[in-house]
Amino acid sequence: MAARIGVVTFPGSLDDVDAARAVRLAGAEPVALWHKDRTLQGVDAVVLPGGFSYGDYLRCGAIARFAPVMESLVDAARGGLPVLGICNGFQILCESHLLPGALTRNDSLHFVCRDQRLRIENAATAWTSAFQPGQEIVVPLKNGEGSYVADERTLDELEAEGRVVARYLDVNPNGSRRDIAGISNAAGTVVGLMPHPEHAVEPLTGPTTDGLGFFTSVLTRLVGA
Amino acid sequence: MTVDTVAHAAATPDVVQPFAELGLKPDEYERIRAILGRRPTSSELAMYSVMWSEHCSYKSSKVHLRQFGEKAPKTDALLVGIGENAGVVDIGQGWAVTFKVESHNHPSYVEPYQGAATGVGGIVRDILTMGARPVAVMDPLRFGPADAPDTRRVLPGVVAGIGGYGNCLGLPNIGGEVVFDETYLGNPLVNALCVGTLRHGDIKLAKASGPGNLVVLFGAKTGGDGIGGVSVLASETFDADGPAKRPSVQVGDPFTEKVLIECCLEIFAADLVVGIQDLGGAGLSCATSELASAGSGGMHVVLDRVPLRDPTLSPEEILMSESQERMCAVVEPAKAARFLEICERWDVTATVVGEVTDTGRLVVEWHGEVVVDVPPRTVAHEGPVYHRPFARPGGQDDLQADAPTADRLPRPSTPDELRATLLRMVAAPNLAAKTWVTSQYDRYVRGNTVLAQPEDAGMVRVDEETGLGVALATDGNGRHCRLDPYAGAQLALAEAYRNVAASGARPLAVTNCLNFGSPEDPAVMWQFAEATRGLADACLELGVPVTGGNVSFYNQTGEVAILPTPVVGVLGVIDDVDRRTPMGFGPEGETVLLVGETRDELGGSEWAHVVHGHLGGLPPVVDLRRERQLAEILVAGSRDGMLTAAHDVSDGGLAQALVEMCLRSGRGARVFLPDGVDPFVALFSESAGRAVVAVPRSEELRFTDMCVARHVPVVRIGVVDGDALDVQEQFSVTVEELRAASEATLPALFG
């Protein structure tokens, strides 16, 4: 039986259809999860997709964090459930304190959409095992508030523990500290990523198909478990 | 607060009413009195004034727009034609698409961010109203000179507003235009296009049928924003000493609209509405009168039930408010509970505000008293119609005689001069890379974007199983239209049509946004009459019907009108998006061909504009038969896998087309200019009906044979090669240098 991966839809989620497609193309069954439901429907992993949950009012991800589905999700993630937060999903993970730090306004003050080169710094997480350490990939990036910030001690810790999952190459598109594009929790099961791997899963519509690796990674882990 | 009820109006016939301040002419006011047999109440006056404004009633343009229907080509593709919120086109496999372009020019000048944002919001609701899921947007934009201080105020705001709203809706922005010209300085053109997809059976119409059915208002609450926006902002010229109109611009909330879209689509899927209308210009006045007028003919609305953001609003203000993100549906009573349940699921406020009647009257009640009692057709569909006088302006002959001939405008001739001209053109704001703008738009969301700017056309996949897709391009050239509005409008259509074909899609249907100065100026009205006549004739000849669009008049500052600017959008269909043709060069060694004929045509050209600041002569000749043949070649070349790249030749001529193909691919080309043509003309003429294509050597003969069989000139002009654009015996520029020139301009101006 195919692994079942949940994709949460909050009001204002936009890339939920894309995340579901990526899950399907990777060979798993996407399961739609609704923000008002407490159940995770027994899924094997969860993707928090990009978008503007609750209009990003107050602060990106700040309201989504209090959605009923997040109560169950936070518990499950602490118990080892693999969770990938993309863009707004990354912001929600930070607001939920599953990941440290915060995402703030791009240093350019503009929304930016571009094909972004990244280096996979840690290929041992639940979501990056399909890559080689140091592998360079290109996936779309699109955000208005994608500048990753944390205090120096936290940044040092993330670096020391290998929890910087991916870093921007060529151009730092949003002013992220230490060119950080994505980080993980200590267990390597919860990953937050500002770029959008779900938009790089088909040669026709993406700049590459490099994004698929994030979704096949988690499948390998689930099948192996 | 005293309320001007119908009874009160009947009893006080001599009350002086501010009809002129509301934009109504004395004879229009008299007509309202005649229709009603009494003076209108202030609520009725508000309603008629907004609905009879130029923006809502098309009173000056109607007699000309009729041609789009009268001259419409015979086609089976149209499922819904002109007159509804947007036309619906059959694209096969049970799928249909609906698309339309609209203007939001005046609000965007006053308040660039909100004006542009709500422009996106409005057109998206029009598409949604047809029963379709909106799937992409495009924005044709025009501003004053790129280095003008006010452009630095308007452009960044407009771009941020489009991005801020569209990105938050989750709609990929797949194309459009950014054009600069002196005449747009006080009147930027902010046009917005949306396309949506639906199954044939799912079309919804704006009509209130079935007496007893409920009228449900849902979405955002009604506030004081945008009151008078339609009648005042869209219909009056900006005068230096006019009143400040800032508060009239509506404020958008894209999050509310995103939720409203998903809520509506769920309601449509459950088949819960009889009719639906969005609330845009003229708000509730427009929605109720149009729904009633197109349906059973009557409606009773209890205005007290309208959820308000500001409880102090008067009935007149509630009727006129243009608060965004609102919809009005007609629902059978048996389905109301389910309807409200879905709204609840999405946290969308929904309120039953009235019901459909068969009285033939639109009756609006406020605190138990009747404040509106009118025949809805007289509000919505039987507004005034003007036959405005028009006359070819006196200076037109002189303008056309002022041709950019070699003896009058010096032309570059040496290789160094040609090279310098090329680099100057590449960096000119109209031709330079628009990445500064388009990188602020999400082009990836929904994962179906196959082509997006700077490609010739934007293309989205409609059906993931079969690969069925649609392509869209918008074009307009105000300078060409100024020289000859009839030909200029046709050139705009031809260019958009060619762009769609270049992507590999078969052109099917047209939408247009007609941006002009004051219709009260006979010279402007002549431009409008000529442009609509030209466009209608060309649509007939090319076999692509106009499905809908929008007119924006009064784009002028004082006596000076903008360049007449019909913006034309063409929609095409492609059976398998895998077959699309991109614009960038493919592998090295492929043959580069120029299809079409090059003449000495520089009237209204980008070269004359950039190098000499000159506008005169005649625009390029339009040959619609040739355009059609060229399109057939480009579509067949894509379908049969002969083409690896195709790019239309237009602004900036062959030189710019080659530069763009190099920049898009990062590959260079060795180019041999055709014999017998002056190198300058070959590079910079803007003759229409041309495209540059790249074909694998194995396909070259098959492709050129196809051109010859269709009597379309084709000439081999080079080969994809190296890392420079190398024009043999003339000059060479590396792709890197081209990129630096092209990409530096906008960031240097806008930060």
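How many salt bridges are there between chain B and chain A? The count is six. The structure discussed here is a predicted model.

## Interface between chain B and chain A

The contact draws 31 residues from chain B and 29 residues from chain A. Between the two chains, an area of about 2500 Å² is buried, and carbon and sulfur atoms give 56% of this area. Residue pairs in polar contact between chain B and chain A number 13, with both residues at pLDDT 80 or more. Among the contacts across the interface is a salt bridge in which the side chains of B:Asp442 and A:Lys142 meet, at 2.6 Å from N to O.

On the side of chain B that touches chain A, two or more residues are given by each of helix 8 (149-169), helix 10 (254-269), helix 13 (333-345) and strand 14 of chain B. Helix 10 of chain B supplies the largest share of this side, with four residues.

## A six-stranded sheet in chain B

Chain B holds an open sheet of six strands in the order 14-15-16-21-17-18, and the pairing is mixed. At the edges lie strand 14 (449-451) and strand 18 (546-552) of chain B, each of which pairs on one side only. On average, neighbouring strands of this sheet are turned by 20 degrees against each other, direction ignored. Strand 14 of chain B thus has two roles to note: an edge strand of the sheet and one of the elements on the side that touches chain A.

Helix 20 (residues 522-542) of chain B packs on the sheet and touches strand 17 (506-515), strand 18 and strand 21 (565-574) of chain B. The direction of helix 20 makes about 175 degrees with that of strand 17 of chain B.

Within the sheet, strand 15 (residues 458-461) and strand 16 (residues 469-475) of chain B pair in the antiparallel sense over four bridges. B:Met459 has B:Ala471, in strand 16 of chain B, as its bridge partner. In general, strands of a sheet pair through backbone hydrogen bonds, either parallel or antiparallel.

## The surroundings of B:Glu177

B:Glu177 lies in strand 5 (residues 173-180) of chain B. This residue counts as buried because its relative accessibility is 11%, and the cut-off for buried is under 20%.

Leaving aside residues up to four places away in sequence, B:Glu177 touches B:Asp139, B:Pro140, B:Leu141, B:Arg142, B:Thr474, B:Asp475, B:Gly476 and B:Val567. Among these contacts, B:Thr474 and B:Asp475 fall in strand 16 (residues 469-475) of chain B, while B:Val567 falls in strand 21 (565-574) of chain B.

How values were computed:
Residues numbered from 1 in each chain as written. Chains lettered and ligands numbered in written order. Predicted model: local features only at pLDDT ≥ 70, side-chain atom pairs only at ≥ 80, totals over all residues. Heavy atoms only, no water. Pairing = 2+ DSSP bridges. Axes fitted to C-alpha atoms, helices over the stretch in contact; angles between N-to-C directions. Contact = heavy atoms within 4.5 Å. Buried < 20%, exposed > 50% of the residue type's maximum accessible area, 1.4 Å probe, protein only. Buried area = accessible area lost by both parts, 1.4 Å probe. Salt bridge = Lys/Arg side-chain N within 4 Å of Asp/Glu carboxyl O. Polar contact = N/O pair within 3.5 Å; in protein donor to acceptor, adjacent residues only side chain to side chain.
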